[in-house]
Amino acid sequence: MSKRFGKIVALDRVSFNMQSGEYLCVLGPTGSGKTTLLRLIAGLLKPDEGEISFDGKSVNNIDAHNRNAVYVPQQYALFPHLTVLNNVAFGPLSRGKSENEALEIASKTLEIVRLAWRGQSYPNELSGGMQQRVALARGLASGASLLLLDEPLGALDARLRLELRHRLREMVKEAGFTAVHVTHDRDEAMSVADQILVLKRGRIQDQGPPRRIYVRPAGIFVANLIGGANIIEGVVESASVDSCTIRVRGGTTIHSPPAGIAMNQPVVISLRKESIEISNQGLQRGNALKGKIQAVRFLGNSREYLVRQANGDIIALRRFQEGFEPAFQIGESVTIVFQKDDVMTFAYPPQGLRKELEIE
Amino acid sequence: MQSTPRQTTRGPTFSHRVLLLFERLSANRAAAKLVYSSSVVFFLFIVITPAIAGIVAQLATLPNLSLTVDVSLRMRNAVVSSFIVGLVVSSLDVVAGIPLAWLIVRRRSRWTTVLDSMADIPFVIPTVALGFSILEFWSGPTGISQMLGDGPVVSAGMVLIMLLHFAFSFPVIVRVMVGELLNYRETFEVAARTLGASAFTAVRTVTLPILRPAILAAFLLALARSLSETGATIVVAGTFENGVVFVRNARDASLSAAVTIASLVLIVTSLLVFAAIKITVPRFRFAPLKVWPRLERELSRSTVAMARNISSLLVFAIFVLLPCLFIAFPAVEAVASGVLGEAFASAGPWTNYWSSMLLSYLVAVLATCINIAFGLPIALLISRNRFGRQSTRILDSLVDLPIIVPSLALGVSLSFFWGNMGALPEFWVLVLAHTTITYSYFVRAMAAAIQGIPVELEDAAKTLGAMPLRVFRKVTLPLTKYSLLSGAILVFTRSVDETGATSAVSKALKTAPVLLVEWIRGTVAVTPAERALGVGFLVLTSFLALVALRLIAFRKEKT
């Protein structure tokens with residue numbers, strides 16, 4: 001489907017499928033159209049082109065209150081004038097349940113999120129984390145089957161975000177819901193999603209399970225978004241059936257798996273930081289590049305080394321399980337090695353690398 | 001442990017079923033369209049069109065009208081005076097009102113809350129009573145001239161009109177500014193102060209410019225009131241004529257041509273002046289960059305602040321509060337002199353009085369109900385932009401029309417329109433006139449309140465399965481309850497107060513304020529005691545409305 005607001009194209013021919021019970025994360029920077037997508041599915045907006053179907057039936061003409069898709073906005077939108085219990089009971093009541101039934105359902109759902117004891121409090125009396133749980137409970141209690149979460153952890157501080165993301169997924173799965181979880185936080189998406197949909201400027205960049213997206217991203221933008229990567233520009237020197245040779249600045253060559261790109265075409269290489277090793281003994285397997293250590297950064301569980309090549313490029317690599325002291329010193333000449341299979345080669349983006357990698 | 005209420009399960013009751021039916025209806029696109037379009041139709045055809053059509057009809061008769069030279073000279077002077085008085089008074093009100101609002105907001109205490117309520121008093125007392133009170137205070141034998149010796153301090157005339165308008169527009173400024181200041185984030189001022197600006201400089205160069213739109217809005221409201229007010233102005237005018245007084249005199253003298261032309265001129269000039277101010281002033285980008293550090297630091301001292309507060313309190317007390325409350329004295333005297341029995345026995349002039357009071361309140365109740373019923377959908381349309389950008393903007397500007405145009409002039413146009421229509425009895429023309437004039441108050445109050453509710457709340461409710469009527473009943477309405485009530489009370493008090501249009505529209509029927517104007521001016525012979533008592537009763541009933549409003553507000557603050 002596509003959606004335009006005046007001249008601004010919020011979503012451009014976005015098309016995807018979801019399974020029942022799946023937990024889909026929509027990952028993208030601000031302005032990528034994530035919220036628009038959610039609101040379209042919820043029925044709060046109408047697509048300019050295209051169709052939305054639930055269980056095979058088109059819902060384009062069904063109003064929001066009949067769609068069975070609950071929208072939980074980033075600020076939770078808990079009704080300030082109703083108690084927590086009445087907030088959660090709002091859904092069942094609206095769908096026609098009697099007051100008794102609705103309150104029963106509400107109580108039970110509050111039990112699931114472990115907030116039954118705050119039933120008589122008002123939303124503004126609760127902490128951010130509690131409000132999030134109430135918002136979730138309200139969605140779960142509504143009897144809908146699809147949960148649309150707009151940055152559900154966005155309003156919480158960093159520590160809470162880490163703690164709650166798994167609990168959130170657990171509760172959704174326990175209740176048997178299908179969920180679309182929109183976020184800009186790639187670690188969040190990676191750790192809780194069954195499937196990730198990457199959006200940028202209204203277009204789908206990639207779609208797949210987290211593993212696949214990490215290991216084989218569909219483009220340089222996704223590669224950069226999903227995990228820390230080194231990005232190197234080059235030109236295809238030769239291509240054969242089992243490998244592709246790329247010439248980078250200064251004449252060095254890098255071998256990668258076949259990329260289907262013709263000779264003399266510009267390409268961009270992506271190399272994950274953890275797939276590079278430093279070897280001083282001249283053990284050459286796969287690709288080897290010489291350089292000098294420019295900087296060392298201590299990150300707790302790992303150290304990041306910045307290695308400056310002869311041609312001026314700087315390549316970053318991560319070494320885990322180092323000792324108290326860094327294994328290599330600044331200024332040391334080293335050889336960095338990485339496997340051919342760890343190299344990801346992409347065609348050079350038509351509007352330029354900087355534009356392609358832009359977050360907004 | 002949470003306990004759920006134990007009730008035997010009952011099937012849906014009848015009222016429950018009816019409610020469900022309406023809810024399902026509200027989800028029906030056609031039904032919703034019907035409700036909205038009937039409100040728009042009501043607005044366009046009952047509120048706007050009669051006014052405009054009346055004006056057009058008047059214009060059509062123009063070629064056949066002629067004025068004698070001195071009448072047209074009088075008219076020109078009168079209209080010009082209206083604007084001079086209006087602009088001067090509104091400026092003075094802004095200058096005097098802002099410091100008081102500042103005091104109320106920045107020095108929150110029990111006393112300033114009392115001050116806040118007192119500042120509302122001129123707003124609540126019907127303007128006729130206000131006029132009478134001010135007349136007695138400044139120029140009556142029992143007023144302050146008692147203290148100062150010979151003769152009236154200020155006789156009826158232009159200055160007295162200015163004093164009157166200053167008093168009754170004062171609460172408008174204070175209300176608007178208090179509201180703005182309460183919402184204003186002091187972070188800007190704090191930033192300025194930590195950058196080295198003295199308090200005075202920070203306020204002058206940061207706060208006031210940011211508050212400029214609100215100040216302008218308050219100014220325009222005060223101006224509108226000044227141009228429009230009829231009853232009290234007539235009472236204190238004496239031989240002086242501003243636009244409104246002129247029209248009234250012309251009508252009394254049966255100079256119908258003058259009435260028509262003058263009211264047209266007033267309407268057109270009001271619209272032009274308002275449009276001009278609204279368009280030009282916001283464009284006027286004056287960023288006060290010049291700072292006089294030493295002078296302004298002196299002005300920031302607490303002694304200066306104290307002097308400022310004392311002087312604004314004095315101005316408020318002498319020029320606003322005391323003149324308004326002065327009415328109490330003659331009223332109490334009147335009670336003491338035993339006129340009360342006569343009044344309740346409905347003897348003599350009192351028969352007309354009570355029927356007028358009844359009429360006033362009946363019309364007010366009807367106008368309020370009609371405005372709520374037809375105004376709510378319009379408020380929803382405007383605040384949620386359901387109509388499309390352009391149409392909403394047009395609707396928005398049109399809603400303000402009845403306020404900008406002086407009510408007397410509007411009344412003349414309305415009676416033209418309905419008079420030519422013939423069939424409608426005077427009572428209903430009166431009701432429609434009052435509805436038209438008070439329309440904006442309710443719609444504005446509701447629209448502002450609805451806009452204050454984040455759209456997310458309604459969106460979330462929708463996706464939880466709530467149909468439009470339910471969203472309105474269970475989410476929008478509870479959160480705007482206060483504004484709905486205060487909008488309704490605004491409409492009610494304004495309608496009871498209304499003199500201008502009423503006197504233009506109705507020949508036989510007289511509402512209470514119109515009758516009282518006659519009592520005060522002496523066209524109906526009554527004793528001073530009767531006069532005072534009559535005014536006193538009107539004030540009392542309006543005061544009760546204010547108390548009711550405050551009680552409701554207090555209850556809201558408690559939750």
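Domain bounds here come from an automatic or database domain assignment. With that in hand, hello everyone, and let me walk you through this structure, which is a predicted model.

Let's start with chain A. Chain A is split into domain 1, covering 3-220, and domain 2, covering 221-357. If you take the C-alpha centres of domain 1 and domain 2 of chain A, they lie 38 Å apart. Where the two meet, domain 1 of chain A puts in 11 residues and domain 2 of chain A puts in 15 residues. On the domain 1 side of chain A, the elements that give two or more residues are strand S9 (195-200), strand S10 (203-208) and helix H7 (210-215). And what kinds of residues are they? That side of domain 1 of chain A divides into six nonpolar, two polar and three charged.

Now please turn to the sheet in chain A. This is an open sheet of five strands with antiparallel pairing, and the order is S15-S19-S16-S17-S18. Which strands stand at the edges? They are S15 (277-279) and S18 (314-320) of chain A; each has a single partner strand, so one side of each is left without a neighbour in the sheet. Going from one strand to the next, the twist averages 50°.

Let me take you across that sheet pair by pair. Strand S16 of chain A, residues 287-298, is joined to strand S19, residues 333-338, by six bridges, and the two run antiparallel. If you would like a landmark there, find Lys290(A), which stands opposite Thr335(A) in S19(A). S16(A) is also joined to strand S17, residues 302-309 of chain A, this time by seven bridges, again antiparallel. Here the landmark is Gly291(A), opposite Gln309(A) in S17(A).

S16(A) and S17(A) form a hairpin with three residues between the strands, and in that hairpin Gly300(A) takes a positive phi near 90°. Moving on, S17(A) and S18(A) run antiparallel and are joined by seven bridges. Look for Arg303(A) in this pair: facing it in S18(A) is Arg319(A).

Over to chain B, beginning with helix H14, residues 256-283. How does the span of H14(B) compare with what its 28 residues should give? At 1.5 Å a residue, H14(B) should span 40 Å, and its end C-alpha atoms are 41 Å apart, which agrees. Several residues of H14(B) are buried, among them Ala258(B), Ile261(B), Leu266(B) and Ser270(B).

Further along the chain, let's stop at Val547(B), which sits in helix H28, residues 528-558 of chain B. Is Val547(B) buried or exposed? Val547(B) has 12 C-beta neighbours inside 10 Å, and 12 or fewer is the cut-off for exposed, so Val547(B) counts as exposed. Val547(B) also has an interesting companion for anyone following the sequence: Ser117(B) is 430 residues away along the chain, yet the two C-alpha atoms are 9.9 Å apart in space.

Finally, how do the two chains meet? In all, 22 residues of chain B are in contact with 27 residues of chain A. On the chain B side, the elements giving two or more residues are helix H24 (455-463) and helix H25 (468-497). H24(B) provides the largest share, seven residues. By type, the chain B side that touches chain A divides into 12 nonpolar, six polar and four charged.

That's my tour, thanks for listening!

Notes
Residues are numbered from 1 along each chain as its sequence is written. Chains are lettered from A and ligands numbered from 1 in the order in which they are written. This is a predicted model: local features need pLDDT of at least 70, side-chain atom pairs count only at pLDDT 80 or more; totals for chains, interfaces and linings use all residues. Helices (H or I, at least four residues) and strands (E, at least two) are DSSP runs, numbered from the N terminus. A residue is buried if 20 or more other C-beta atoms lie within 10 Å of its own, exposed if 12 or fewer, and partly exposed in between; C-beta atoms are placed from the backbone. Two residues are in contact if their C-beta atoms, placed from the backbone, lie within 7 Å. Ala, Val, Leu, Ile, Met, Phe, Trp, Tyr, Cys and Pro count as nonpolar, Asp, Glu, Lys and Arg as charged, and the others, Gly among them, as polar. Two strands pair if DSSP finds at least two bridges between them. The expected span of a helix is 1.5 Å times one less than its number of residues. Axes are lines fitted to C-alpha atoms, for helices over the stretch in contact, and angles run from 0 to 180 degrees between N-to-C directions.
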